[in-house]
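Trainee: Could we walk through this one together, strand by strand?
Mentor: Sure, pull it up and ask away.

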Amino acid sequence: MTKRLYLCFLVMLLPLLSFSQQMTISGHIQDTTNNQNVPLPNALAMLVRIKDSVLVDYKRSDENGFFEFKTPIDTLQLIVSHPRFSENSYYIFGSAGSHEFDIKRIIIPQKSQNLKEVVIYAYKDPVYYKGDTLVYVADSFQTKPNAVVEDLLKKLPGIKVNADGSIEAQGKEIQQVLVDGDEFFGADPTMATRNLGAQGVETVEIYEKKDENSTDDSETIQVLDLRLKDDAKKGYFGKISGATDAGLTNGKPFYEGEFLANKFNKTQKISVFALGSNTMRSSLEWRDMYKYGLTSRNFFDEENENWSWNFSNNQGDGIPTTLKTGIYYNDQISKKTELNINYTYNNAGIRTLETNRSQYFLEDTSYVTDLKSRSEDKNVSNDLNFKFTHKLDSVSTLELETAAGLNTAETNATDSTDFLFEDLQLSRRTVVSNINKAKGTNLTSKLSYRRDFKKKGRRMTSFYRFAYDDNKSDGILTVDDPTLFTPTNQSKDNSSLSRSHTASASYIEPLGKKFKLEFNYEFYNNFNEQEKYTRNFANGSYSEIDSTYSNNFQTTKTQHLAGTQLIFEHKKHRISGGVRYRNVVIDNENLFFGTHIHQDITNYLPRARYVYKISQHNRFMLNYNTSSSQPSINQLQPVRDNTNPNRLIVGNPNLKPNYVHNFSGSFNTYKPLSGVYFWSSVNHTITNNAFANSTTYDALGRSTSQTINVDGNTSSSLNFGTGFPVFKKFLEVVPNVNMSRSRQVNFVDSVQNVTINQNIGGGLELKIERDSVEFTVGGDFAYTKPSSTISFQSILPYYSQSYSASFLWKLPKGFFIETDADYTINSQRAAGYDLDFLIWNASVSKSFLKNENLIATLHVYDILNQNVSANRYVNANVITDTKSVIIARYFMARLTFKFNSTKTKEPDDFF
């Protein structure tokens, strides 16, 4: 393995020896005022590359007024300036035969009082703040040919793009991606990041906004907004792409097809797309797993509320197929009215074969399970989004947003589980089969009104939102368990209905120039009904209702939330603080048994925030916030769920809402001239009445879990990273460090168990970027030390390492060579799960036609045939190691044609 790794990296390093020739630019800056001719020290000389306006380098003149640059041959603009003078510019055209430039005498003109004679050169900072919004200027970051937005994001300081397409900015997850302020083809962010071209983006903006899916008005999400260039909104442009291996890899053809077409003008945008694939590229994206219910065999299961820690080397689980298509329409109907409609159809299927080993640690013993799981899932969704915005007058706006969805899902899964004693001898074996079909409809509509008053800073906003969800499923559960007197054969008929109404109003009143007072009120009402009917097979039909697993349950929640906060804003400082009063009335009705539980809960939710705007490129922030959320209906409904009869779940109608304290802080800085940046974030959360599991185990290793309220759950994290160029910006060094600690309480066989997980990790990346060559090499390390009070000696630390390298070489006559490799090491896992693997991919492409808009590419994926998916989960008293069968080595021949209304060469990285 080591020899292969060295060979792989050597192949990528060799072309670096052929870097382009350097050119030298030097000059002497002189002060000629008052008829003198003396050197001018501390003048600023900047080199800006003409083709993309990227700042290449900068220098200060020495005491003799001298400066010198050494840089790869290119066409550059030299800008010389001084605080006491104006600017002078020179255009430098470098070539192999002309690569030494010495400007003997540079005279900077005096500042003129006649504005008509002043020549202003505007250089846009690569990274800056606009209010509380962090802005990246896209053209300041060089991307590879044919780059998409995701490639651009990987270049931006402080932003990380994970393998599944999820995005982190300064250590926080990006939860929504917008294009020009609107969702692009619905809520799937990868539609924008993996399909829009990087060259069409003007700026990438990151900010926080209220989470519209939360009933708590203090909950915010982090948003990434792609702002397109005006040139990208004119005419039509698009691409058609197809790839296949013609069945030469394993007899069954792999394929990828893609079509995108866009027609933009000043007031109208129309986009259509279609994607089809059966490769890893079509695997379910980072939000689809929860959206389609594939996180559990039960279509109605909610996301696990209990804490778990996951370290994943996931290369895309299972064998997927995807067909996705849609249309996006945006029209500025008039000066006051804008309309946005988009529709998306998604047909996604995945076949998985997974094995895992789980270690269960109890107070006086432990045992192991080996699971082999085979499943086929198919999910079809139709999503329609509508947005209508109308300016009633110069100070007021009315907006209507509606989203509707129709979804179906089919699942066929078989799980074979071996229960093993501590010495790994077989205790028993069970086989569980679940076949389910489900369908669901959802509708959300929101009407908003915003008004600005004549008095500066005075504003009123209000909205009403209605949400409706209706889901139904039916299925068959069969269980072969030698400990049961008769095998289980049951039908499952489930339905869930939810309706909610939200009305909110907010008013801001300025109190002088520095203070503002904000008032807000929100009313929320939710009705949720869930019916579960289980019938045993008897006398040739499913007619006998099993009351143990059947129930009809309703819950009604009514919430009043009122609050105020005082805001102080002066120059670089912004301080806000306030409190909200919250009253929640909850009525839980068990219609199956005729019982009723009434809860009336009142609490206060304080909040405070401080922002120090140190400069346009520096921000410091401290934040304290409190929030409270209600348990889900699955956690409340008092009925056993035997979808997995080895892991029974029963609801708890006595659950109370939790109460969360969150402390956070961040500091970000960027120095545009030097290219040095630093980002950091810290977070600490305390949760009272947290939702946790109380689990009991029987002598056969079967468990029954119920959600309960516990106090004392905490989690903390610290993340920071930096980037800085060295060797005259030849090399960029990008290190990062992350640390976290969590304390979670649960109960095992009625004994309190406290699980503490401590993690420390970090990484280092080295980047070299030149006109024709890009090379990146890096590594990451993560060490986790878990502990459990119920079995302190049994849970051992474990760690993972990953090393990566990528190389891009732009050759003459339209040739490109690209390759990347990732080497992963897993240590201290269960037997058979300490997996080390090297994934090496490569491609060669060539452009054709006069305008080079036809591109042929040959891809080879997983050259060494080692692709694997490996994960570790630590959850309370259980450690689980998993591995899955996924697509390994294959190749693809791809042909891509780009088109546009100008009939000219499409920009290299527009699509």
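Mentor: One term before we start: two strands pair if DSSP finds at least two bridges between them. Keep in mind, too, that this is a predicted model.

Trainee: Okay, what is the strand order in the open sheet of 6 strands?
Mentor: The pairing in this sheet is mixed. Strand 9 (127-130) and strand 15 (182-183) each have a single partner strand, so they stand at the edges with one side left without a neighbour in the sheet. Reading across from one to the other, the order is 9-10-16-17-14-15.

Trainee: Which residue in strand 16 does V135 stand opposite?
Mentor: Start with the strands: strand 10 covers residues 133-137 and strand 16 covers residues 201-210. They pair in the antiparallel sense over 4 bridges. Opposite V135 in strand 16 you'll find E205.

Trainee: And in the open sheet of 3 strands, which strands stand at the edges?
Mentor: The order there is 11-12-13, with antiparallel pairing. A strand with a single partner has one side left without a neighbour in the sheet, so the edges are strand 11 (159-161) and strand 13 (172-173).

Trainee: Which residue of strand 13 does E168 stand opposite?
Mentor: Strand 12 takes in residues 167-169, and its antiparallel pairing with strand 13 rests on 2 bridges. Across from E168 in strand 13 is E173.

Trainee: Let's move to strand 48. Which of its side chains are buried?
Mentor: Strand 48 spans residues 854-861, and its side chains alternate between two faces. L854, A856, L858 and V860 point to one face and are not buried. Pointing to the other face, and buried, are I855, T857, H859 and Y861.

Trainee: What is the bridge partner of S843 in strand 48?
Mentor: Strand 47 (residues 836-848) runs antiparallel to strand 48, and 7 bridges join them. Their hairpin has 5 residues between the strands, and L849 takes a positive phi near 70° there. As for S843, its bridge partner in strand 48 is H859.

Trainee: Which residue in strand 51 stands opposite A856?
Mentor: Strand 51 (residues 890-900) is joined to strand 48 by 8 bridges, and the two run antiparallel. Opposite A856 stands L895.

Trainee: D749 has a positive phi; is D749 buried, partly exposed or exposed?
Mentor: Its phi is near 50°, a positive value in a residue other than glycine. D749 lies in the loop between strand 42 and strand 43. Its relative accessibility is 31%, and buried means under 20% while exposed means over 50%. That makes D749 partly exposed.

Trainee: Where is N865, and what is its relative accessible area?
Mentor: N865 sits in the loop between strand 48 and strand 49 (869-875). Its phi is near 55°, again a positive value in a residue other than glycine. N865 is partly exposed, with a relative accessible area of 40%.

Trainee: How much space lies in the second largest pocket?
Mentor: This pocket is lined by 36 residues, and V54, L55, V56, K729 and E769 lie nearest its centre. Strand 4 (55-60), strand 5 (66-72), strand 42 (731-748) and strand 43 (751-769) each give two or more residues to the lining. The space in the pocket is about 840 Å³.

Trainee: Last one: what is the area of the nonpolar surface patch that includes L718?
Mentor: L718 is in strand 41 (residues 713-726), and at 32% relative accessibility L718 counts as partly exposed. The patch is made by L718 with V682, M739, I760, F781 and Y783. Its area is about 460 Å².

Terms used
Residues are numbered from 1 along each chain as its sequence is written. This is a predicted model: local features need pLDDT of at least 70, side-chain atom pairs count only at pLDDT 80 or more; totals for chains, interfaces and linings use all residues. Side-chain values use heavy atoms; hydrogens and water are left out. Patches are made of residues with over 30% relative accessible area and no salt bridge: like charges are joined within 9 Å, nonpolar side chains (Val, Leu, Ile, Met, Phe, Trp, Tyr) within 5 Å. Accessible areas come from the Shrake-Rupley method with a 1.4 Å probe; for residues, only the protein chains shown count as cover. A salt bridge is a side-chain nitrogen of Lys or Arg within 4 Å of a carboxyl oxygen of Asp or Glu. Buried means under 20% relative accessible area, exposed over 50%, partly exposed in between (1.4 Å probe, protein chains only). On a 1 Å grid over the protein atoms alone, a cavity is a set of points where a 1.4 Å probe fits but cannot get out, and a pocket is an open set with protein on both sides within 12 Å along at least five of seven lines; lining residues have an atom within 4 Å of a point. Grid points are joined across faces, edges and corners, and a volume is the space filled by probe spheres set on the points.
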